[in-house]
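Visitor: Could you walk me through this one at an easy pace? I would like to start with the ligand and then look at the fold around it.

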Amino acid sequence: MNYKSVKGTADILPAPAGSIELRQAMESISQDVFQRFGYREVRTPIIEERSLFVKSIGEETDIVTKEMFSFKDRGEREIVLRPEGTAPIVRAYLEANLHKTDAFQKFYYIGPMFRAERPQAGRMRQFHQIGAEAIGSGLPEIDAEIIRLLAALLDAMKIRGYKIRINNLGCKDDKAGLSKTLRTILDKEKNALCDDCKKRLDKNPLRVLDCKNESCRTMVRSVFKSVKFLCENCEGHFKKVLACLDDLNIKYELDPFIVRGLDYYTQTVFEVTHPELGSQDALGAGGRYDNLISDMGGPELGAAGFALGVERILIVAAKQEAAAYPDDKKVIYIATMGEAAKKKGFGLLDSLRGGKWEKKMSFDMDYENKSLKAQMREADKLGAKLVLIIGDDEIAKGEVMLRDMMTKEQQSVKFDDVARTIKGKI
Ligand code: HAM
């Protein structure tokens with residue numbers, strides 16, 4: 001074989017080779033949950049202008065400096081494959097002037113994102129996110145709803161054992177004050193920092209707080225203990241968010257070292273981790289971004305959101321009962337013997353496929369003139385509940401032989417009664 005999928009990308013195949021069924025179940029579960037919470041779907045393009053992410057995620061962030069897939073189009077415009085969903089949703093909201101009809105709107109998205117990271121377990125170059133953005137409100141109840149929604153999604157997907165860790169970065173001024181303080185106190189201990197953090201100290205000192213390097217961690221934990229940087233307003237907001245989460249019975253841990261790798265965050269930030277994930281342990285993350293809309297040329301409006309990583313959920317799901325999300329589709333198989341039966345079966349298949357069904361259905365038959373035994377094997381492989389067998393005898397009588405694959409019982413059913421009989425048995 002001459003061709004392989006590009007490094008860090010993967011085909012998503014049907015079972016048993018792949019797990020498209022699990023992803024489809026995850027998407028359908030998510031759509032139900034989003035609907036309950038009043039979030040509506042938005043699909044933005046995969047490609048965006050590079051400047052959108054430079055402005056929103058931040059010029060000095062890892063994503064912008066080294067992880068974007070970028071190219072120039074024929075008009076010499078700088079285009080990138082979207083590395084995340086928040087900035088595109090805000091762009092779409094402003095471009096369509098949605099804030100003029102109803103400033104507060106809630107959206108969700110499910111789709112591929114692209115980051116040129118070094119691939120490893122749970123880290124892909126094309127990965128998928130399930131995300132939500134509540135745009136147009138600065139109220140603490142929204143932060144709590146966003147976290148509740150994230151937990152509701154994981155619960156509905158039967159993911160157990162995740163941990164929610166929360167922090168508050170404060171408003172723009174608080175963040176600037178904290179950066180300044182960190183620069184001063186960390187500068188004295190510069191030698192204990194890794195090379196990356198030495199650079200960060202200059203450009204983005206907040207990121208030193210979540211460096212994974214052991215010596216940086218130890219040093220930062222010793223000097224950062226007593227730094228107070230939140231203004232009264234932000235402290236009040238955070239208290240209300242936590243009180244709402246308590247009212248909702250959501251378990252969380254406070255973690256002053258969560259700073260996030262995207263610059264648009266203000267106030268509440270959170271990460272959801274899972275011990276089954278190893279070093280890439282974030283199932284999802286998010287927070288409030290109260291300056292992004294105005295920074296992108298829109299009005300002063302608050303917003304909050306999150307994104308879950310689908311591939312990471314699948315890693316955890318594979319180790320838990322979630323790997324068996326119920327597949328509730330009913331499979332019906334038509335087995336035929338001889339040319340005339342095949343022709344009759346072909347017509348019956350089409351009318352069943354076009355019929356009205358309340359349950360999720362799947363109808364199939366063999367086109368390759370296999371033996372009856374081989375067709376029954378195929379029906380079994382597809383998980384058929386019922387098989388409709390048609391031979392010359394059945395055609396002569398205007399009937400099919402309906403076989404229940406569980407009970408092995410068989411009964412003759414008139415052609416016109418087939419759909420009704422199937423409905424009574426599924
Ligand atoms: P993020 O933390 O960059 O946030 O990504 C969210 C989640 O996407 C991560 O927790 C992880 O599960 C998954 N993820 C990220 N990179 C990869 C990768 N290379 N391979 C596999 N999974 C990955 C955001 O993207 C923000 N837009 C979240 C947000 C929405 N904040 C507010 N609204």
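Visitor: Which residue has a polar backbone atom 3.1 Å from an oxygen atom of the ligand?

Guide: Happy to help, and please keep in mind that this is a predicted model. The contact involves an oxygen atom on the ligand side and a polar backbone atom on the protein side, 3.1 Å apart. The residue that supplies this backbone atom is Leu 283.

Visitor: How much of the ligand's accessible area does the protein cover?

Guide: On its own, the ligand has 660 Å² of accessible area. In the model, 27 residues surround the ligand. The share of that area covered by the protein is 96%.

Visitor: Which side chain has an N or O atom 2.6 Å from a nitrogen atom of the ligand?

Guide: Glu 117 and Tyr 265 are both listed among the closest residues to the ligand. Glu 117 places a polar side-chain atom 2.7 Å from a ligand nitrogen. The 2.6 Å distance to a ligand nitrogen belongs to the side chain of Tyr 265.

Visitor: Which strand gives the largest share of the shell around the ligand?

Guide: Three elements each give two or more residues to the shell: strand 6 (126–135), strand 10 (282–288) and strand 11 (303–309). The largest share is six residues. These six come from strand 10.

Visitor: How many charged residues does the shell around the ligand have?

Guide: Sorted by class, the shell has twelve nonpolar residues and eight polar ones. The charged residues in this shell number seven.

Visitor: In what order do the eight strands of the open sheet lie?

Guide: The pairing in this sheet is mixed. Its edges are strand 1 (40–41) and strand 8 (253–254), each pairing on one side only. Strand 6 and strand 11 pair antiparallel over seven bridges, with Glu 133 opposite Gly 305 in strand 11. Read across the sheet, the order is 1-5-6-11-10-9-7-8.

Visitor: Which residue takes a positive phi in the hairpin of strand 15 and strand 16?

Guide: Strand 15 and strand 16 (residues 410–414) run antiparallel and are joined by five bridges, and Arg 403 stands opposite Gln 410 in strand 16. The hairpin has five residues between the strands. The residue with a positive phi, near 70°, is Lys 408.

Visitor: And how many Å separate the centres of domain 1 and domain 2?

Guide: Domain 1 covers 20–170 + 230–319, while domain 2 covers 330–425. Taken over C-alpha atoms, their centres are separated by 47 Å.

Technical notes
Residues numbered from 1 in each chain as written. Predicted model: local features only at pLDDT ≥ 70, side-chain atom pairs only at ≥ 80, totals over all residues. Heavy atoms only, no water. Near = heavy atom within 4 Å. Polar contact = N/O pair within 3.5 Å; in protein donor to acceptor, adjacent residues only side chain to side chain. Areas by Shrake-Rupley, 256 points an atom, 1.4 Å probe, with all protein chains shown as cover. Helix = DSSP H or I, 4+ residues; strand = E, 2+ residues; numbered from the N terminus. Nonpolar A, V, L, I, M, F, W, Y, C, P; charged D, E, K, R; others polar. Domains from an automatic or database assignment. Pairing = 2+ DSSP bridges.
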